[in-house]
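Subject: Structure handover, ligand site, pockets and cavities

Hello,

Please find the structure below, with the sequence. My notes on what was found in it follow.

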Amino acid sequence: MPRKKTTPLTTFALIGAGIVVGWLAVRQARLAAAKGEFAGKVVLITGGSRGIGQALAEAFAAQGASLVLAARSAEQLEHVAATCRVLHPQVETLCVPTDVGDPTQLENLIDQTIARFGRIDILVNNAGISQGGRFEEDEELGRFQRQMEINLMAAVRLTQLALPHMLARNTGWIVNISSIMGRFGFPFVLGYVTSKHALNGFSEGLRRELYHTDVRVLSVIAGFVETDMIAGDTSRLVRSSPLSLVTPEQVARQTLNAVALGQAQIFTGWFESLMSGLNVWVPRLMDHVFFKLAPPEMVGTASSHYTE
Ligand SMILES: NC(=O)c1ccc[n+]([C@@H]2O[C@H](COP(=O)([O-])OP(=O)(O)OC[C@H]3O[C@@H](n4cnc5c(N)ncnc54)[C@H](OP(=O)(O)O)[C@@H]3O)[C@@H](O)[C@H]2O)c1
């Protein structure tokens, strides 16, 4: 019987599938080898009182890390800390009520962490706010500046305070929780978009500045995540577009995996990653796409994004 000829397309598909399976197997093996690597590590998380910060705290706690939790609401921090201590017998917690917009309170946060644990292994700059609305109606740029302070400058300041402690031991991770809105411009949330673009630039530049050391920087570029930040947003864009709506726990799991694998940057969904690429190569086409995804009437929905 004559053998069936393999077409180039089939060969290509088989090679592609082989590469993907091989890559997944290597990834799983590396994750298995890294199991337990967070036990006893000191992890400082800003915005650890709820949302993604809470999920990160619980994920690190489940692996036996010690936690320093910072946010403004002391009561909520204590609640998260208590949950974390139940998750693993080794977990130690320190709650430091902090407004990350106040540089003096950031100094106090680092001082208290060093006094209690003597080191910081992983700093997660996660605290953030989102305040939407039309740019030209942002009086005295109040919204814009507030988002730059909390989403960008707090992370920059805290990193500068934590870095000497990491460099002294030549080890550590700076994890910046950023957003897909730091990869392409969304209308009506310009303060947020600008702060997250700047945060991405900061992360990338710092990563390269520290390349010769063993202090690593990870950017987590999240799409929409089901937390208080977008709770009031019922728009089609958030609820049923291919921009994946993920849970805080998924973001936390991906973040821990990324640290374990030594990654520099992760996206939480494939569509975000694709859009980010298209935005670089065909920006005018993407203007049209955004006009369809977020038409001018969308300003009302954007204004419902107001966290503080
Ligand atoms: N949800 C999304 O769709 C999404 C998507 C991409 C990226 N992100 C990013 O993920 C991070 C966490 O957001 P989330 O979705 O978890 O929001 P969230 O549920 O609203 O939580 C925000 C956290 O930040 C803290 N925070 C806000 N202002 C603060 C301040 N001045 N000082 C100290 N802590 C402050 C809050 O605690 P207190 O109020 O107690 O201070 C809270 O713990 C943010 O950086 C956000 O930009 C979110």
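The ligand has 30 residues around it, and those that come nearest are Arg50, Arg72, Ser73, Tyr192 and Thr227. Please keep in mind that this is a predicted model, and that the values below are computed from it.

Three side chains can be described by their distances to ligand oxygen atoms. For Tyr192, a side-chain N or O atom lies 2.6 Å from an oxygen atom of the ligand. For Arg72, a polar side-chain atom is 2.7 Å from a ligand oxygen. In the side chain of Lys196, an N or O atom is 3.0 Å from an oxygen atom of the ligand. The ligand taken alone would expose 880 Å², and the protein buries 98% of that area.

The shell around the ligand draws on several elements. Helix 2 (51-62), helix 5 (142-169), strand 5 (172-179), helix 6 (190-209) and strand 7 (224-225) each provide at least two of its residues. Strand 5 contributes the most, with three residues. By class, the shell consists of 13 nonpolar, 11 polar and six charged residues.

Where does the ligand sit? It occupies the largest pocket. The volume of this pocket is about 760 Å³. It is lined by 39 residues, of which Asn126, Ala127, Gly128, Ile129 and Met229 are the closest to its centre. At least two lining residues of the largest pocket come from each of helix 2, helix 5, strand 5, helix 6 and strand 7. Its lining comprises 16 nonpolar, 15 polar and eight charged residues.

The second largest pocket holds about 280 Å³ of space. Its lining has 15 residues, and the closest to the centre are Phe38, Gln63, Arg253, Leu256 and Asn257. Helix 1 (8-33), helix 2 and helix 8 (248-261) each give at least two residues to this lining. Which helix gives the most to the lining of the second largest pocket? That is helix 8, with six residues. Sorted by class, the lining of the second largest pocket has nine nonpolar, two polar and four charged residues.

Besides the pockets, there are cavities to report. The structure contains three cavities of 30 Å³ or more. The largest cavity has a volume of about 110 Å³. Of its 13 lining residues, Phe186, Asp233, Leu237, Met298 and His305 are the closest to the centre. Helix 7 (236-240) and helix 11 (299-303) are the elements that supply two or more residues to this lining. The lining of the largest cavity is made up of 10 nonpolar residues, two polar and one charged.

The second largest cavity contains about 60 Å³ of space. Among the residues that line this cavity are Gln131, Arg134, Asp138, Arg143, Gln147, Phe188 and Gly191. The elements giving two or more residues to the lining are helix 5 and helix 6. Helix 5 has the largest share, three residues. In the lining of the second largest cavity, five residues are nonpolar, four polar and three charged.

When you open the model, a convenient place to begin is the ligand in the largest pocket, with Arg72, Tyr192 and Lys196 in view. The second largest pocket can then be found from Phe38 and Gln63, and the largest cavity from Phe186 and His305.

Regards

Terms used:
Residues are numbered from 1 along each chain as its sequence is written. This is a predicted model: local features need pLDDT of at least 70, side-chain atom pairs count only at pLDDT 80 or more; totals for chains, interfaces and linings use all residues. Side-chain values use heavy atoms; hydrogens and water are left out. A residue is near a molecule or strand if one of its heavy atoms lies within 4 Å of it. A polar contact is a pair of N or O atoms within 3.5 Å; within protein, one must be able to donate a hydrogen and the other to accept it, and residues adjacent in sequence count only if both atoms are side-chain atoms. Accessible areas come from the Shrake-Rupley method with a 1.4 Å probe; for residues, only the protein chains shown count as cover. On a 1 Å grid over the protein atoms alone, a cavity is a set of points where a 1.4 Å probe fits but cannot get out, and a pocket is an open set with protein on both sides within 12 Å along at least five of seven lines; lining residues have an atom within 4 Å of a point. A molecule sits in a cavity or pocket if more than half of its atoms lie within 2 Å of its grid points. Helices (H or I, at least four residues) and strands (E, at least two) are DSSP runs, numbered from the N terminus. Ala, Val, Leu, Ile, Met, Phe, Trp, Tyr, Cys and Pro count as nonpolar, Asp, Glu, Lys and Arg as charged, and the others, Gly among them, as polar. Grid points are joined across faces, edges and corners, and a volume is the space filled by probe spheres set on the points.
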